[in-house]
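Q: Please take a close look at a single part of this model, the surface that meets one of the nucleic acid strands. I would like one connected account with the cut-offs spelled out.

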2 protein chains.
Amino acid sequence: MTQDYSHFPRHLVAVDCIIFGFDGENLKILLVQRNFEPKMGEWSLMGGFIGNEETSDEAAHRVLNTLTGLENIYLEQLNSYTRIDREPTARIMSISYYALINIEKNIQINEKYSAKWFDLQDFPSLIFDHNEMVEDAVLRLRRRASTRPIGFELLPEKFTMKDLQNLYEAIFNEQFDKRNFISKINALDILVKTEGKDMTSSKKGSFLYRFDEAKYEKKLAEGFMFKI
Amino acid sequence: MTQDYSHFPRHLVAVDCIIFGFDGENLKILLVQRNFEPKMGEWSLMGGFIGNEETSDEAAHRVLNTLTGLENIYLEQLNSYTRIDREPTARIMSISYYALINIEKNIQINEKYSAKWFDLQDFPSLIFDHNEMVEDAVLRLRRRASTRPIGFELLPEKFTMKDLQNLYEAIFNEQFDKRNFISKINALDILVKTEGKDMTSSKKGSFLYRFDEAKYEKKLAEGFMFKI
DNA sequence: ACAAAAGTGTTCAAGCTACACCCATGT
DNA sequence: ACATGGGTGTAGCTTGAACACTTTTGT
């Protein structure tokens, strides 16, 4: 016999995006203000329902694109949240995703959503289980950032060593020794020093680096492991 | 205005369980033979639909209990699989879970499901995207096993150092040096040596150890990190 | 006595941590 | 000239990897 699916329950399934950015000093999170009930006016993650003709990945990209206009964003699936009463008005499951975006590129945030960047150290309490989602996302970001070169998604194409160190300090919420950090990065041998200097932070100026993705992929294929 | 959910699409959502066991030598996976179309007769993961009154965790526990009769099994959510055509007959999303069970305890497998333990190194090709789920689960198991003492879920209460080493060798698919392995384990200081010896494997007999969970929790609270 | 698995330490290399001074430049 | 951030090297320590022989006991 063939399975008959008609009597199995069907569920609303949403995606919610934890959108991380970096302003050169602190990790940021992009939140939206609900413009519908319940919890209208409160802060939440950007989300949306998964349609019949899209995967959850596609839904997450669509949601992110709707908010920011950006395409090809770094996006990784996190967890499913399926508590029955996680939303008060209906049983809605949610699959969370975290996104890393270069905050400088992100020029046109759709005003319709009243979105705002908050400091990850100091953002308002969120609706439903969104706080839990953010906590889980931060933990995942830390794990990933220590074994994959995803940090560069958060930086502009060219950045100083100081920027990079600030980024990792923000991700891990921990201070590093400048000399040790730089020699670790140099030992990885996946950055290229460009001609240019950033003159805004000091009189001397500091060299700008680029992540050499091709080199990284090549080393990866040869058994190299990224490790911070 | 309050959000009206009635026009959003609703989805069938299943859980699928990757059930790991250990027979003292090799990692095993428990598979079931489909007794309905499509793909009747082929091997698959044990799964089931999520009901209206249960979370995905509860559904996974239910599914596992239906198959094995066991309760309180170690179960961890993995990923969501949402490709539209991942099953041919309907659009079904699936949340995967992996389970660790002590194979000795597992006496009464429900015969209705034609379940069978396979060697993880040599099991049949599975239906749909279940092979991918297993691959993802193995990777997650390795990660978790290297930072959390979950290996003990797969062993009987008392075990020899050799058992433990065999287990980790099976998980990581890699050979370890006996001396280095034992001194690493001893350095962790979370096992207790019992009076008893296992006399089945040698004339001399080898001491049996127990995982001291209370001690582990205490050390954890003091900042200890498990690491293999 | 011998076969078979259990049990046990040391050495070396690599990587990590801690730590302080000079350099270049704009004002 | 001085104030500001940029840039650089070393020594001690910890950790992980490689490596071989003795012990116990049933047959």
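Q: Which side chain has an N or O atom 3.3 Å from a base nitrogen of DNA strand C?

A: That side chain belongs to A:Asp177, and the pair qualifies by distance as a polar contact (N or O atoms within 3.5 Å; within protein, one must be able to donate a hydrogen and the other to accept it, and residues adjacent in sequence count only if both atoms are side-chain atoms). The model is predicted, with local features requiring pLDDT of at least 70 and side-chain atom pairs pLDDT 80 or more, while totals for chains, interfaces and linings use all residues. Side-chain values use heavy atoms without hydrogens and water, residues are numbered from 1 along each chain as its sequence is written, and chains are lettered from A and ligands numbered from 1 in the order in which they are written.

A base is also approached by A:Lys204, whose side chain places an N or O atom 3.3 Å from a base oxygen of DNA strand C. On chain B, by contrast, a backbone N or O atom of B:Phe207 lies 3.2 Å from a phosphate oxygen of that strand. The elements that give two or more residues to this surface are helix H4 (178–188) of chain A, helix H4 (178–188) of chain B and strand S10 (206–211) of chain B, where helices (H or I, at least four residues) and strands (E, at least two) are DSSP runs numbered from the N terminus. The largest share, four residues, comes from H4(B).

Taken as a whole, 16 residues surround DNA strand C, and A:Arg179, A:Asn180, A:Lys203, B:Lys178 and B:Arg179 come nearest; a residue is near when one of its heavy atoms lies within 4 Å. By class, the surface has two nonpolar, six polar and eight charged residues, with Ala, Val, Leu, Ile, Met, Phe, Trp, Tyr, Cys and Pro counted as nonpolar, Asp, Glu, Lys and Arg as charged, and the others, Gly among them, as polar. Of the DNA atoms within 4 Å of the protein, 39% belong to sugar or phosphate and the rest to bases.

In chain A, strand S10 (residues 206–211) is joined to S8(A) by two bridges, and these strands run antiparallel; two strands pair if DSSP finds at least two bridges between them. A:Tyr209 of S10(A) is the bridge partner of A:Phe159. The open sheet has three strands in the order S8-S10-S9, with antiparallel pairing, and its edge strands, S8 (158–159) and S9 (191–198) of chain A, each pair on one side only.
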